[in-house]
Amino acid sequence: MTKVYVFLADGFEDVEALAPVDVLRRGGVGVVTVSINGSDMVKSAHNVYVKADVRFEEANFSDADLLMIPGGMPGAKNLDEHEGVRNALLAHAKQGKLLGAICAGPMVLGHLGLLDGLRATCYPGFEGELKGATYTAQLVTVDGNVVTGKGPAAAFEYAFTLLSILKGEKVVSDLRKGMMFE
């Protein structure tokens, strides 16, 4: 089964984390939410508490097809400062596997040098954090093994784009119809 890990830190953007989790799971992808807080409970930017599937310390990312970074502040900053997350992203990228980041999340990839020579998008105001990337301002940008999304309004297109890469257009087409997102 295709496997995705979504990193959650206090201050994550609700829609940018949970809409992709929902879409990917509906599309038949195994999604694991990962708390970096040392606790199962993670508080969103809008004070919604989510119980993560695992704590970072319990996770093994060796079977990951995609590692995903939601935006939101200070969630994205908390992920950016977490050494374990940074190391997991670098190891994943070294294998040429898929990375996803939305809103402020692409700054984490930029700070790690994982956007060098690529096109990427992010929430306006974070363009300077995309070190080495060409900023597109698009809702969703795919370049190589990196998918970036602009912000909350991009959450569904970002999720459908990731699902298309992981499972194909037929799955996405059927799911869009089922979700009445045509």
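The points below go through two nonpolar cores, one buried threonine and one pair of helices in a predicted model.

1. The largest nonpolar core has 33 residues, and of these F7, L67, L89 and L109 touch the most other members. Two or more residues each are given to this core by the strands β1 (3–8), β2 (30–35), β6 (66–69) and β7 (98–102), and likewise by the helices α2 (75–80), α3 (83–94) and α4 (106–111). The largest share comes from α3, which supplies 4 residues.

2. Apart from this core lies another one of 29 residues, and V4, V23, V42 and Y158 are among them.

3. L109 can be followed in more detail, since its contacts, not counting residues up to four places away in sequence, are I69, L89, L99, A101, L114, L115 and V146.

4. T121 sits in the loop between β8 (119–120) and β9 (134–135). Is T121 buried or exposed? Its relative accessible area is 0%, and because buried means under 20%, T121 counts as buried. A polar atom of the T121 side chain lies 2.7 Å from the backbone oxygen of Q138. Leaving aside neighbours within four places in sequence, T121 is in contact with residues including P106, L130, Y135, Q138, T148 and K150.

5. Helix α5 (residues 155–167) and helix α6 (residues 169–178) have axes that come within 7 Å and cross at roughly 140°, which means that α5 is oblique to α6. On the α5 side, E157, F160, L163, S164 and K167 take part in the contact, and they meet E169, V171, V172, L175 and R176 in α6. Sorted by kind, the residues of this contact are 5 nonpolar, 1 polar and 4 charged.

Conventions. Residues numbered from 1 in each chain as written. Predicted model: local features only at pLDDT ≥ 70, side-chain atom pairs only at ≥ 80, totals over all residues. Heavy atoms only, no water. Axes fitted to C-alpha atoms, helices over the stretch in contact; angles between N-to-C directions. Parallel < 35°, antiparallel > 145°, perpendicular 65-115°, else oblique. Contact = heavy atoms within 4.5 Å. Nonpolar A, V, L, I, M, F, W, Y, C, P; charged D, E, K, R; others polar. Buried < 20%, exposed > 50% of the residue type's maximum accessible area, 1.4 Å probe, protein only. Polar contact = N/O pair within 3.5 Å; in protein donor to acceptor, adjacent residues only side chain to side chain. Core = buried A, V, L, I, M, F, W, Y, C linked by side-chain atoms within 4.5 Å.
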